Amino acid sequence: MSNDMLILERVFKNYGKVTALSGLNLRVKEGEILGLVGPNGAGKTTTLKILSALLKPDSGIVIVDDIDVQTDPFNAKKLLGYLPDIPLLYESFTLFDTLKMYARVWSLQFDKMTALRALDEYGLEPLWNRQVRTLSKGQKQRLSLICALLHKPRILLLDEPFAGLDIESRQFIRNKIEQLANDAGKTIVVSSHDLADVEKLCTRIALIVKGRVAYYGTEDEIRTKVLGKVFKIVLAKIPSNLEGLTNCTKEYSVAADTVTFTLGEGQSPNQVLKYFIARDCPIRAFEPLGLEEMLLEIIKREES
Amino acid sequence: MLWSVLYKEFLELKSDKGAIARLALQSIVYGLFFPTVMYLQLVGVLPMEIGDVVLTEAEKVTIVKHSLETFGPLLLPFFVSVMASLLVIPSIVQETESRTLERLLSLPLSWRNILFGKFLFYFAISLACAYIIVSIYFLLSSAIVEAFQPPDLGTYLLVLVPAVSFYTVSAGLFVSARARSVRSANVLGGFLTVGLFLLVFFLSWFAGVEPGRDIIVTFSLVLFVVGAKLIYLTAKVNPEKLLT
């Protein structure tokens, strides 16, 4: 038996004439935090909604821990905790009533102490009797996460969990997600536009473009596979003549104070550094191409 | 699973401060309305004569008695429908607009669980409001005129009132599941429920229909059949279409 917790195979989904997914293949291993990234309309949210049995694919296979989501959505949902892109809570409910409702749906034993313990873990315990509408966006997102976790699912599907949150809430949610994966061993899929968070959080990344997974792997794997060894170097001043740089790089480009270069077989970044040091160019920064720049480059290539 | 939806609806009603009191008060007002108008006419506070016609006390009593026995019972389904439609028409479309339905559907609840849970809840609440309205009406009417003879009370209370509530809740949910916004749901839903009973009231009034047992049973049967068909069609709605 494989340790793939989530499997999507040749999944197609159309909304009328609009194609959302066109033969998407994806596997997520147990205990992994997978980041779904890609441009708007690429199919990230549709992928999460199909996994959580909210949408039915037009064709393809969707498996959650050996359960076919299409034939047995009820049992598949028991394994899943779904966090939508906005909290989607009943604004007039108190926090306690919100949790009571979820507990009733999941047939859980639930009392005030259980609710207070759950809320306390997320810093919401003093607000237990307040209406949801009085909470800040960050507090609502925390409550929404508690609701998604109440039945102790093994898999978490998080759609844009950091959207519109302040730094503190963002860090709080990110730490919680890490804790859930590392300590509780949950398998987590995070869709996000915030690549800095994806970079910090995810063990692997799936880049979705035009309804299919264009690249899958760790950030380094994708970078090497797609772009080769690409780095950028920020200089205090770009020399007027870059003659000889082609000897230690496969290709390079210059934009403002940054030189982006790709290394060929047998070439090392040290050679490039030495090249600029020899020309008396103060180096301000030297790093591999960032995730955001890399994805922009990939998307550009894919879409063309 | 049905119970969890019922419980959620209950929590929603409970969380709306004063909603239960408002519902009860509104039902009481509807129940009081017609007998009060009749009483005020009988005691001369409101005019009963039109033009130069002068009515004797006996004639006034006869008119009031006849109105309370026929005209009022024809009007009551309209009031019952008003109460039920106010509650039920926004119930699904509001959840579609706020996307809370998406969250419910991500839980182990099917669309049918949600629909039938809502149906049972609103049917029960509508019935409670309806019985407040009709009880007040019949009690007050029998206090106003002597030898008050309402239509076949058993059939009226046990068949017509549930039929009106059943149809209104079904039609309200039918419209609510298809509407794109609360406003459009109110327009179409209002026509299919309150509007329909208003039309039926005027038609039966102009046609001089007496609310006898046969008419009540036939009309109720039609309402049950159409209501059942509407709820069946609503259950067939693809829930994906409700996810915005």
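1. Is B:Ser204 buried or exposed? In this predicted model, B:Ser204 has a relative accessible area of 10%. Since the cut-off for buried is under 20%, B:Ser204 counts as buried. You will find this serine in helix H8 of chain B, which runs over residues 182–206. Setting aside residues within four places in sequence, B:Ser204 is in contact with B:Leu74 and B:Val209.

2. A word on chain A as a whole. Chain A has 304 residues, and 53% of them are buried. Its secondary structure comes to eleven helices and 14 strands. If you would like a feel for its dimensions, the C-alpha atoms fill a box of roughly 75 × 45 × 40 Å along the principal axes. Take the contacts in chain A between residues at least 6 apart in sequence: 68% of these join residues at least 24 apart.

3. Now for the surface and the charges. About 14100 Å² of chain A is exposed, with carbon and sulfur atoms supplying 48% of that area. Chain A carries 40 positive and 39 negative charges, and the mean positions of the two sets are 3 Å apart.

4. The domains deserve a look of their own. Chain A is divided into domain 1, residues 4–217, and domain 2, residues 224–303. Their C-alpha centres lie 37 Å apart. How many residues of each domain are in contact with the other? Twelve residues of domain 1 are in contact with eight residues of domain 2.

5. On to the nonpolar interior. The largest nonpolar core has 166 residues, and among those with the most contacts inside it are A:Leu6, A:Leu26, A:Leu143, B:Leu68 and B:Trp111. Helix H6 of chain B, residues 111–144, gives the most to this core, with 16 residues. From chain A, this core draws at least three residues from each of domain 1 and domain 2. A second, separate core has 14 residues, including A:Leu235, A:Leu242, A:Phe261 and A:Val272.

6. B:Trp111 is worth opening in your viewer, as one of the residues with the most contacts inside the largest core. Which residues is B:Trp111 in contact with, leaving aside neighbours within four places in sequence? They are B:Ile92, B:Leu101, B:Leu105, B:Ala177, B:Thr234, B:Ala235, B:Val237, B:Pro239 and B:Leu242.

7. Next, a glycine in a loop. A:Gly211 sits between strand E9 (204–209) and strand E10 (212–217) of chain A. With a relative accessible area of 0%, A:Gly211 is buried, because that value is under 20%. Not counting residues up to four places away in sequence, A:Gly211 touches A:Ala20, A:Leu21, A:Ser22, A:Gly23, A:Leu24 and A:Ala42. There is also a C-alpha distance to note: A:Gly211 and A:Thr19 are 192 residues apart along the chain, yet their C-alpha atoms are separated by 7.3 Å.

8. Last, an arginine with partners in the other chain. A:Arg104 belongs to helix H3 of chain A, residues 95–105. Its relative accessibility is 41%, so A:Arg104 counts as partly exposed; the class in between runs from the buried limit of 20% to the exposed limit of 50%. Beyond residues up to four places away in sequence, A:Arg104 touches B:Ser4 and B:Tyr7.

How values were computed
Residues numbered from 1 in each chain as written. Chains lettered and ligands numbered in written order. Predicted model: local features only at pLDDT ≥ 70, side-chain atom pairs only at ≥ 80, totals over all residues. Heavy atoms only, no water. Helix = DSSP H or I, 4+ residues; strand = E, 2+ residues; numbered from the N terminus. Buried < 20%, exposed > 50% of the residue type's maximum accessible area, 1.4 Å probe, protein only. Contact = heavy atoms within 4.5 Å. Areas by Shrake-Rupley, 256 points an atom, 1.4 Å probe, with all protein chains shown as cover. Lys, Arg positive; Asp, Glu negative; His and termini not counted. Charge placed at Lys NZ, Arg CZ, Asp CG, Glu CD. Core = buried A, V, L, I, M, F, W, Y, C linked by side-chain atoms within 4.5 Å. Domains from an automatic or database assignment.
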